[in-house]
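Hi,

Here is the structure I promised to pass on. Have a look at it first, and then read my notes below.

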Amino acid sequence: MDFDFYLSTMWSVLKALPLTLEIWFFGIAFGLVIATGLTWLRASGYKSGEYFTRAYVFIFRGSPLLVQLYLIYFGLSQFDFVRHSPILWPILRDPMYCTIVAMALNTAAYESEIFRGALRAVPVGQIEAAKAFGMSAFTRFRIVTLPIALRLALPAYSTEIILMTKATALASVVTIMEMMGTAQKIQHDTFRPIEVLTCAGVIYLLLNLSIARLFAWVEYALSPHLRPAPDRSQQIKPVPEVL
Amino acid sequence: MSASPAAAANAEPSPDAMAAISVKDMRKCFGDHEVLKGISLEAHKGDVISILGSSGSGKSTLLRCINLLETPDSGEVRVGGELIRMKQGQGGHQTPADIRQVERIRADLAMVFQSFNLWSHMTVLENLVAAPVHVQKRPRAECLEQAEALLKRVGIWERRNYYPPHMSGGQQQRAAIARALAMNPKVMLFDEPTSALDPELVGEVLRVMRSLAEEGRTMLVVTHEMGFARDVSSKVMFLHKGEVDSLGEPKEMFARPPTQQFKQFITNFNK
Ligand SMILES: Nc1ncnc2c1ncn2[C@@H]1O[C@H](COP(=O)(O)OP(=O)(O)OP(=O)(O)O)[C@@H](O)[C@H]1O
Ligand SMILES: [Mg+2]
């Protein structure tokens with residue numbers, strides 16, 4: 001086994017980690033914003049809002065992310081109005097931005113479904129109690145509905161984030177030299193696909209392991225009430241009020 | 001500005017102005033099922049009114065229409081003389097005219113639910129301070145102090161940092177009563193507060209409610225506890241199929257049931 005080759009490959013791929021993280025971060029950040037909007041639209045009670053979100057989810061959940069990425073990167077630039085738009089063109093001619101846009105649009109579809117389910121699962125009785133104590137709709141949402149829904153959404157949300165980590169590898173098909181792109185280049189240069197892909201795979205594994213651990217910790221910290229009753233409950237630190 | 005109609009209602013020298021809570025001719029349908037068929041009710045300060053009735057007679061619906069968890073189809077609710085203003089919405093159904101007013105009045109009408117409905121992600125202490133801090137905008141420190149005193153009173157101060165799922169039903173219901181008390185409510189609404197409890201836990205909750213009655217709280221209590229209705233309440237109201245079948249002084253009602261329906265109801269219970 002060529003230990004030096006593994007080490008140097010690891011190192012080269014790791015140098016692309018910041019770029020991977022950048023795509024990942026902005027993808028899920030914008031995705032969260034869009035998902036929040038979609039969830040709000042869906043819950044707003046307007047029929048048109050519901051139809052729009054349903055169509056959105058149908059399209060972006062129903063087709064492969066790779067197809068969406070290609071269509072956004074290669075497809076949209078076919079339109080003159082895109083090429084002449086001072087806002088759209090700078091975004092859509094840049095493969096990096098295109099990847100982020102595709103990821104955000106795609107994950108938003110899944111996340112809006114996760115949030116919708118979580119909101120529906122909040123026990124009605126607890127919302128009624130908030131009403132009966134005179135809380136306004138906004139206070140009710142902030143103090144009761146949202147904190148409970150967030151906790152309910154967390155497990156599915158963390159899975160979606162992990163899927164997004166892996167999805168960043170698709171950026172390589174539009175020429176981005178993130179971890180996967182870098183690995184492919186090394187592979188082309190060296191003809192040693194097994195070693196190179198193993199290195200990349202291990203790094204993705206470790207990355208997702210950390211993300212999963214982070215979410216597990218957040219989940220644990222936020223749900224003392226869902227664990228078995230401890231004997232030393234006096235010492236349970238109450239969850240910070242904002243959550 | 002929005003306070004002026006309320007002030008006018010308060011100033012009215014009607015007999016209702018004396019009532020802590022008054023309900024006039026309340027009606028409510030679910031679809032074509034008429035659940036409340038014109039119910040009137042008046043509670044003065046310190047009154048404890050037990051509301052009895054068989055399942056489906058509309059007891060919960062009555063309480064929920066009083067604090068607008070359900071919107072009554074017609075009828076008036078006054079709290080401390082102040083009329084809850086309604087307006088005609090679309091489809092002929094009325095809706096609250098001013099949701100702020102409703103929220104303000106709800107804060108004066110603390111409710112205790114059959115299934116407790118404590119906020120599960122908050123500790124008991126947080127449950128007690130949430131509404132006083134966020135609705136009544138009282139200083140947190142003062143609310144915490146009051147909350148601890150209330151928890152001592154209902155006997156679960158040791159559990160103040162517990163989360164609701166970690167407590168027995170009786171403890172949860174006492175916490176829920178303390179949460180209601182923390183609002184310094186004018187009237188307390190109880191919807192079958194002991195019905196979800198194991199028999200051996202009913203007593204501890206009834207003891208707390210009895211002590212509230214003794215200190216002169218105004219309470220509307222939907223219950224199946226005949227002992228409480230007979231010995232603690234100042235009035236008993238028996239609902240039958242959405243109507244007030246009988247209403248009276250408890251000892252009298254139980255000794256000489258005024259209607260055949262009520263007689264049957266209590267004999268079924270004693271069986
Ligand atoms: N949200 C609703 N939609 C439709 N029907 C309802 C609704 N709430 C109550 N009902 C119906 O109204 C009737 C009265 O219900 P309510 O809950 O007020 O009875 P109750 O006297 O409290 O009975 P219980 O002792 O079982 O609690 C029942 O027939 C019930 O099915
Ligand atoms: Mg009921």
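Let's start with a small search: where in chain A is the place of Thr175(A)? Look in the loop between H9 and helix H10 (179-190) of chain A. Before going on, please keep in mind that this is a predicted model.

I picked that residue for its backbone. Most residues other than glycine have a negative phi. Thr175(A), however, has a phi near 75°, a positive value in a residue other than glycine. With a relative accessible area of 57%, Thr175(A) is exposed, because exposed means over 50%.

Chain B has a case of this kind too. Asp25(B) has a positive phi, near 45°, and it is not a glycine either. You will find Asp25(B) in strand S1 (residues 19-30) of chain B. Its relative accessible area is 38%, so Asp25(B) counts as partly exposed.

Now for chain A as a whole. How many helices and how many strands are there in chain A? The count is eleven helices and zero strands, so reading from the N terminus you meet α-α-α-α-α-α-α-α-α-α-α. The C-alpha trace of chain A spans about 70 × 55 × 25 Å along its principal axes. Chain A has 243 residues, and 45% of them count as buried.

Next, the ligand. Which residues come nearest to ligand 1? Out of the 14 residues around ligand 1, the nearest are Ser55(B), Gly56(B), Lys59(B), Ser60(B) and Thr61(B). Here are three contacts you can check on screen:

- Ser55(B) has a polar side-chain atom 2.6 Å from an oxygen atom of ligand 1.
- Gly58(B) uses its backbone: an N or O atom there lies 3.0 Å from an oxygen atom of ligand 1.
- Thr61(B) has an N or O atom in its side chain that is 2.5 Å from an oxygen atom of ligand 1.

Taken alone, ligand 1 exposes 630 Å², and the protein buries 61% of that. Strand S2 (33-44) and helix H2 (59-66) of chain B each give at least two residues to the shell around ligand 1. The largest share, three residues, comes from H2(B). If you sort the shell by class, you get two nonpolar, nine polar and three charged residues.

On to the aromatic rings. Over all chains, the structure holds 15 aromatic pairs. One of them is Phe133(A) with Trp119(B): the ring centres are 6.0 Å apart and the planes stand at 70°, so this pair is edge-to-face. The cut-off behind that word is an angle over 60 degrees. Phe133(A) sits in the loop between helix H8 (124-132) and helix H9 (137-167) of chain A, while Trp119(B) sits in the loop between strand S8 (109-112) and helix H4 (124-134) of chain B, so the pair joins two chains.

Are these two residues buried or exposed? Phe133(A) is buried, with a relative accessible area of 0%, and Trp119(B) counts as buried at 0% as well. Trp119(B) has a charged partner too: Arg179(B) lies over the face of its ring, 4.3 Å from the ring centre.

Elsewhere in chain B, ring pairs link Phe238(B), Phe254(B), Phe262(B), Phe265(B) and Phe269(B) into a cluster.

A second arginine to look at is Arg160(B), which lies over the face of Trp157(B) at 3.8 Å from the ring centre. Arg160(B) belongs to the loop between helix H5 (140-153) and helix H6 (169-181) of chain B. Its relative accessibility is 17%, and buried means under 20%, so Arg160(B) counts as buried. From Arg160(B) to Arg174(B) it is 14 residues in sequence and 12 Å in space, C-alpha to C-alpha.

Last on my list is Gln94(B), which lies in strand S7 (residues 94-96) of chain B. Gln94(B) is buried, with a relative accessible area of 11%. What does its side chain reach? The side chain of Gln94(B) reaches the backbone oxygen of Pro72(B) at 2.8 Å and the backbone oxygen of Asp73(B) at 3.3 Å.

Have fun clicking through it!

Terms used: Residues are numbered from 1 along each chain as its sequence is written. Chains are lettered from A and ligands numbered from 1 in the order in which they are written. This is a predicted model: local features need pLDDT of at least 70, side-chain atom pairs count only at pLDDT 80 or more; totals for chains, interfaces and linings use all residues. Side-chain values use heavy atoms; hydrogens and water are left out. A residue is near a molecule or strand if one of its heavy atoms lies within 4 Å of it. A polar contact is a pair of N or O atoms within 3.5 Å; within protein, one must be able to donate a hydrogen and the other to accept it, and residues adjacent in sequence count only if both atoms are side-chain atoms. Accessible areas come from the Shrake-Rupley method with a 1.4 Å probe; for residues, only the protein chains shown count as cover. Helices (H or I, at least four residues) and strands (E, at least two) are DSSP runs, numbered from the N terminus. Ala, Val, Leu, Ile, Met, Phe, Trp, Tyr, Cys and Pro count as nonpolar, Asp, Glu, Lys and Arg as charged, and the others, Gly among them, as polar. Rings of Phe, Tyr and Trp (its six-membered ring) pair if their centres lie within 6.5 Å; planes under 30 degrees apart count as stacked, over 60 as edge-to-face and the rest as tilted. Buried means under 20% relative accessible area, exposed over 50%, partly exposed in between (1.4 Å probe, protein chains only). A charge sits over a ring if NZ of Lys or CZ of Arg is within 6 Å of the ring centre and within 35 degrees of the ring normal.
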